[in-house]
Amino acid sequence: MIKNLIFDFGKVLVDYDFDAFFLQHIPDEKRRNAFKPLFYNETMQQRFDREDETLEAIGNEVIAQHPELAEEVRFFINHYEELVIGEIEGMRELITRLKSEGFRIYGLSNWCSKVYATMAQYEIFKLLDGYVVSSEEKSIKPEKKIYLRLFEKYDLKPEECLFADDKMVNIDASRQVGMDGIVFENTTQYERELRQRLKNQ
């Protein structure tokens, strides 16, 4: 029986937009095109999310390789939380209803330590009963360790949890540790699939 609903943060609870950030803060197209691929790639995002080294250290490494973009790199590091553009429409209201129905609500997210500025800014995070963030654990989804850490930290049974994430690879990993999941597209689709799972359990 599902008792606990687990949510990714980015693209599930809140939205973010790298392109809008770069366009707003680096108006020069040539410099923007030179800067964007340095940070907007899977390898760099994994380094940020795992945060084995500080973001400042990562930034300094990039500056050493691309000194001509030092100003942009420092701005990006210092304003990283501005990538977030708002809550996903309808999710705060839905989670409020789900809590009133008796579900416990948890977060499981790949995010750097800048996440705490975002969590302080948006009301939706106040609805969480707990969370696990990759930069604290030095482990990122879809690694098994971070899912097990969630279960351990809050004494959860995987079979009583349902995970929502926008990436299929992360849902596949959750199933491998006994927690079913829904690939999140939008609030309406998620609630429809959730209600069907609850009906069939």
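Start by selecting Asn170, which you'll find in helix α10, residues 168–176. This is a predicted model, so keep that in mind as you click around.

**Stop 1: Asn170 and what surrounds it**

Is Asn170 buried or exposed? Its relative accessible area is 4%, and the cut-off for buried is under 20%, so Asn170 counts as buried. Now show what touches Asn170, skipping anything within four places in sequence: you should get Lys141, Pro142, Tyr147, Phe163 and Asp165. Keep two of those selected, Lys141 and Pro142, as they lead to the next stop.

**Stop 2: the loop between α8 and α9**

Follow the backbone from Lys141 into Pro142 and check omega: the peptide bond is cis, with a value near 10 degrees. Pro142 sits in the loop that runs between α8 (134–137) and α9 (144–154).

Stay in this loop and pick Lys138, which is also placed between α8 and α9. Which sign does phi of Lys138 have? Phi is positive, near 60 degrees, in a residue that isn't glycine. Why point these out? Because most residues other than glycine have a negative phi, and most peptide bonds are trans. As for the surface, Lys138 is partly exposed, at 36% relative accessibility.

**Stop 3: Lys11, another positive phi**

Jump towards the N terminus and select Lys11. Where is Lys11? Look in the loop between β1 (4–7) and β2 (14–16). Phi of Lys11 is positive at about 70 degrees, and again the residue is not a glycine. Lys11 comes out as partly exposed, with a relative accessible area of 29%.

**Stop 4: Phe7 in strand β1**

Step back into strand β1 and pick Phe7. How accessible is Phe7? Its relative accessibility is 0%, so Phe7 counts as buried. Expand the selection to its contacts, leaving out residues up to four places away in sequence. You'll pick up Val12 and Leu13, then Met91, Ile95, Ile105, Tyr106, Gly107 and Leu108, and finally Phe163, Ala164 and Tyr190. Phe163 should look familiar: it was on the contact list of Asn170, and it is on the list for Phe7 too.

If you like distance labels, put one from Phe7 to Leu156: the two are 149 residues apart in sequence, and their C-alpha atoms are 14 Å apart in space.

**Stop 5: the α1/α2 pair**

Next, colour helix α1 (residues 18–25) and helix α2 (residues 29–39). A pair of packed helices is described by the angle between the axes and the distance between them. What is the crossing angle of α1 and α2? The axes cross at roughly 145 degrees and come within 10 Å of each other. The crossing is right-handed.

Which residues of α1 and α2 meet? Show side chains for Asp19, Phe22 and Leu23 on the α1 side, and for Arg32, Phe35 and Lys36 on the α2 side. By class, this contact has 3 nonpolar residues, 3 charged ones and no polar ones.

Zoom in on Asp19 in α1. Beyond residues up to four places away in sequence, Asp19 touches Lys36 and Tyr40. Asp19 is partly exposed, with a relative accessible area of 41%. For a longer label, measure across to Val132: that residue is 113 positions away along the chain, and the C-alpha atoms are separated by 27 Å.

Then click Leu23, also in helix α1. At 54% relative accessibility, Leu23 counts as exposed, since the cut-off is over 50%. From Leu23 to Lys36 the C-alpha distance is 9.9 Å, with their positions 13 residues apart in sequence.

**Stop 6: zoom all the way out**

Finish with the whole chain on screen. How many helices and strands does the protein chain have? The count is 11 helices and 7 strands. Along the principal axes, the C-alpha atoms fill a box of roughly 60 × 30 × 25 Å. The radius of gyration is 18 Å, which agrees with the value near 17 Å for a compact globule of 201 residues.

Colour by burial and 48% of the 201 residues will light up as buried. The accessible surface comes to about 10100 Å², and carbon and sulfur atoms account for 48% of it. Finally, draw the contacts with a sequence separation of 6 or more: 66% of them join residues 24 or more positions apart.

Conventions. Residues numbered from 1 in each chain as written. Predicted model: local features only at pLDDT ≥ 70, side-chain atom pairs only at ≥ 80, totals over all residues. Heavy atoms only, no water. Axes fitted to C-alpha atoms, helices over the stretch in contact; angles between N-to-C directions. Helix = DSSP H or I, 4+ residues; strand = E, 2+ residues; numbered from the N terminus. Left-handed = near helix turned anticlockwise from the far one by under 90°. Contact = heavy atoms within 4.5 Å. Nonpolar A, V, L, I, M, F, W, Y, C, P; charged D, E, K, R; others polar. Rg over C-alpha atoms; globule rule 2.2 N^0.38 Å. Buried < 20%, exposed > 50% of the residue type's maximum accessible area, 1.4 Å probe, protein only. Areas by Shrake-Rupley, 256 points an atom, 1.4 Å probe, with all protein chains shown as cover.
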